[in-house]
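Dear colleague,

I am passing on a structure for you to look through at your own pace. Please open it first, and then read the notes that follow it.

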Amino acid sequence: MLSSAHAPRLVRFPSHCLLRPINSLHTAQSSPLPTTTAPSSQILTIRKSLLTKQTTAVDLAKSFLDRIRRTEPQLNSFLYVSPDDVVLKQAEELDNKIKNNEQLGPLAGVLVGIKDNICTSDMPSTAGSRILKNYRPPFDATAVRKLKQSGAIVVGKTNLDEFGMGSTTEGSAYQVTANPWDLSRVPGGSSGGSAAAVSARQCVVSLGSDTGGSVRQPAAFCGVVGLKPTYGRVSRYGLVAYASSLDVIGCFGSSVADAGILLHTISGYDKFDSTSSKREVPDFTSQFAGKDYLESKPLKGLRVGVICETFGDGVDPEVILSVRGAVTHLEELGCFVTEVSLPSFSLGLPAYYVLALSESSSNLSRYDGIRYGNQVLEDELNSLYGHSRAQGFGSEVKMRILMGTYALSAGYYDAYYKRAQQVRTIIRDSFKAALERNDILISPASPSVAYKIGEKKDDPLAMYAGDKMTVNVNLAGLPALVLPCGFVEGGSTVLPVGFQMIGAAFDEEKLLKVGHIFEHTLQVSSAVPPLVADELTR
């Protein structure tokens, strides 16, 4: 609940908190500064180029495949890349449709990366775990099926922390993904491969999953747009379960428009998912007006609440500076900004880990080497179970299963799981009250920018603490959008900072509208990493 009933205090950030112009950043001579032109929709640009025959789907596919070949050895974004002949055959079919004046889907010719815990019938789906090595599902996840029906080309499966359990993508059983802005740093997790692939322009857009911030934190680390929809907006059918009451499929794009178009494509009720909503899906694309059509105060009257608990101890000063600059920019666009206190915010992290680990203990019990998972030959059933799991699961997954099993065990259920559910209700009510007074809520997306590979791998508590900005949104089942809002110096390069906008349930339309106006007026979101700048000049 809100801490007090008095009128919210108007927040006026001083002038020194304004977002620093990109040109004022001082970095090493070898690191080119990012560009600041307003981001455009790659999806709409591709569609226009195909329909006007300025390019072909085959040429477009070849350019992305070439970029993957050149950058993948450095990034390791993908666990599997579709063979060239398969991708080019699909692209050729699209070109033939254009020649015959046939109707094209909204994502025709768009190359999409899919997180490897989302099932694809023609590709491996390992969830980043050895226990599912070489597993190929006999079906597509509903979100993947809708992408293919819209004309999208799935270019490959992206790397992740095993079963989505991690915040760095170092927990993958197969490889460690690097951040395109600095190859010595993590891309975030667990959807780090999907975020890195979009940031490095290895694909146009990508799908990830978000259980406690696994789309939003990597989006912030990699300088792209990350969108977590309302729980139930997108079908979870075909998503390998981690924590079923928290998991959602989310979207990555290099612009808000791309993330919105992608969300519109995969949203909607699904009879195969009892938790999917029957609410009508609005046309998110109607919110994407061009900058020339915007008023001087395009967000006049919008009520924005800044969550004061997210600007305290443990948050890097540079992150606070950039996010406050973003809030100041929203004020300049006409928003009425107030400070909001959510005392229950700090309770989210422990409640989340009790609930998520408890649910994962139940969900992962199916991987026994018989029904699911690679089998180890043993004479005794218990030995088969034990050895299959011992060899198939990584250390982080084993630890979370054990912790979740403990929380659900007799004598501890009431003390941990039941109490965590009660805290969840408090958090949900607290957000509901705050969003009745405000249209959107603002917080940093992460307490820090991307950190070094290996820096927190041996300190799980420090890694878990990095989720404190995001887990409450999953507990409340709300939508959230993460946008780049600035850069900080990071050694020999600059590193992106992201901020989070939280909306009321099923109000993605408002988040996308605000995000689109924000990025087109601040003009920072289209910056590309030095690695990509080098590739694009080829």
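**Notes on the annotated sites and a helix pair**

Ser190 has a relative accessibility of 1%, and because anything under 20% is called buried, Ser190 counts as buried. Please keep in mind throughout that this is a predicted model.

Ser190 sits in the loop that runs between strand β3 (153-158) and helix α5 (192-199). The reason for starting there is a UniProt record, an unreviewed entry, which places the feature "active site" at Lys115, Ser190 and Ser214. These three residues are spread over 100 residues of sequence, yet they cluster in space, with a largest C-alpha distance of 11.0 Å.

The side chains tell a similar story, since Ser190 takes part in two polar contacts: one of 2.7 Å with the side chain of Lys115, and one of 3.1 Å with the side chain of Ser214. If neighbours within four places in sequence are set aside, the residues in contact with Ser190 include Asn159, Leu160, Asp161, Gly164, Met165, Gly166 and Thr169, as well as Lys115 and Ser214.

Lys115 belongs to strand β2, which covers residues 111-115. Is Lys115 buried or exposed? Its relative accessible area is 0%, and so Lys115 is buried. Not counting residues up to four places away in sequence, Lys115 touches Ser190 and Ser214, and among its other partners are Lys157, Thr158, Leu160, Ser191, Ser194, Leu207, Gly208 and Ser209.

The other item concerns two helices, α8 (residues 317-332) and α15 (residues 508-522), whose axes come within 11 Å and cross at roughly 100°. Because crossing angles of 65 to 115 degrees count as roughly perpendicular, α8 is described as roughly perpendicular to α15. Where they meet, α8 contributes Ala326, His329 and Leu330, while α15 contributes Val514, Phe518, Thr521 and Leu522. Sorted by class, this contact of α8 with α15 has five nonpolar residues, two polar residues and no charged residues.

When you go through the model yourself, you might begin with the side chains of Ser190 and Lys115, which are joined by the polar contact of 2.7 Å, and then turn to the place where α8 meets α15.

With best wishes

Key:
Residues numbered from 1 in each chain as written. Predicted model: local features only at pLDDT ≥ 70, side-chain atom pairs only at ≥ 80, totals over all residues. Heavy atoms only, no water. UniProt positions renumbered as here; feature names shortened; annotations may be inferred. Helix = DSSP H or I, 4+ residues; strand = E, 2+ residues; numbered from the N terminus. Buried < 20%, exposed > 50% of the residue type's maximum accessible area, 1.4 Å probe, protein only. Contact = heavy atoms within 4.5 Å. Polar contact = N/O pair within 3.5 Å; in protein donor to acceptor, adjacent residues only side chain to side chain. Axes fitted to C-alpha atoms, helices over the stretch in contact; angles between N-to-C directions. Parallel < 35°, antiparallel > 145°, perpendicular 65-115°, else oblique. Nonpolar A, V, L, I, M, F, W, Y, C, P; charged D, E, K, R; others polar.
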